[in-house]
Amino acid sequence: MEQELVEDLIIESTRIYGHDCWYISRTLGAKDELLNEDDLSIFSSAYSMEMYIKNVDGFEGEGDFLSRFGLQIRDSITFTIAIRTFNKEVGLHTEDLRPQEGDLIYFPLNKKIFQIQHVEHEAIFYQMGNLQTYDLRCELFEYSGERFQTGWYEIDSLLDDYDLTSTEANTDIETFDALADNTTIENNADNILDFTETNPFGEDNY
């Protein structure tokens, strides 16, 4: 009885002080058992639920900085979700017993997608003899060709401009990445190496 009361208070507080976010579950398309990674992940389901943001002062992590690879954005955030809410919204539709590392959280407030790096399931250490919440420690999602087929246009279309395999996508990367110099590099390379020759580095003496 006391445990249910605590859960009710947490859920109500999350609804009042939290935000409506989307939990996007991942389906493995081609898992590499050796490296324990998947290069063909598919995100086919999205579930709306209330989440509380622990970072009240702003995003954590390394923030925005310039590196040798250009501008890097390393924002991180921690979402708190009630276990009962997760079981009701996600657990009834999937086989996942808890949030999974690698799943995504879409944060509509800034229209960004964050990837779950770690699920802390003992944030509130057995209050009233039970666990009521999950803490989802997330980092800004780095897109690398994953497919989004959730059925929600707001989510599925978010990364269309970067999907170079889509027929509807703009495949000219230089139009949306001002730092891309692919055409310039190709033209200069043609002036240096002539690939029409059998041996571009010298005469064929054999």
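Select M51 to begin, and display its contacts (heavy atoms within 4.5 Å): leaving aside residues up to four places away in sequence, M51 touches T14, G18, H19, C21, Y23, F79, T80, I81 and I105. The model is a predicted one, in which local features need pLDDT of at least 70 and side-chain atom pairs count only at pLDDT 80 or more, while totals for chains, interfaces and linings use all residues. Residues are numbered from 1 along each chain as its sequence is written, and side-chain values use heavy atoms, with hydrogens and water left out.

Next, widen the selection to the nonpolar core, meaning a set of buried Ala, Val, Leu, Ile, Met, Phe, Trp, Tyr and Cys residues joined through side-chain atoms within 4.5 Å, where buried stands for under 20% relative accessible area, exposed for over 50% and partly exposed for in between, with a 1.4 Å probe and protein chains only. The largest such core has 21 residues, and Y23, M51, F79, I105, L136 and C138 are those that touch the most other members. At least two residues of this core come from each of strand 1 (19-27), strand 4, strand 6, helix 2 (83-91), strand 7 (104-107), strand 8 and strand 9, these elements being DSSP runs numbered from the N terminus (helices H or I, at least four residues; strands E, at least two). Strand 4 gives the largest share, four residues. A second, separate core of 11 residues includes W22, Y106, I113 and L159.

Now colour the aromatic rings. Rings of Phe, Tyr and Trp (its six-membered ring) pair if their centres lie within 6.5 Å, and planes under 30 degrees apart count as stacked, over 60 as edge-to-face and the rest as tilted; by this rule there are eight aromatic pairs. Select F43 and F141, whose ring centres are 6.3 Å apart with planes at 80°, so the pair is edge-to-face. F43 lies in strand 4 (residues 42-53) and F141 in the loop between strand 9 (133-140) and strand 10 (147-148), 98 residues apart, and both F43 and F141 are buried.

Move on to F79 and F114, with ring centres 6.3 Å apart and planes at 70°, so this pair is also edge-to-face. Here F79 in strand 6 (residues 70-82) is linked with F114 in strand 8 (residues 112-120), 35 residues apart. F79 is buried, with a relative accessible area of 0%, and F114 counts as buried at 1%. Finish by selecting Y23, F86 and Y134, which form one aromatic cluster.
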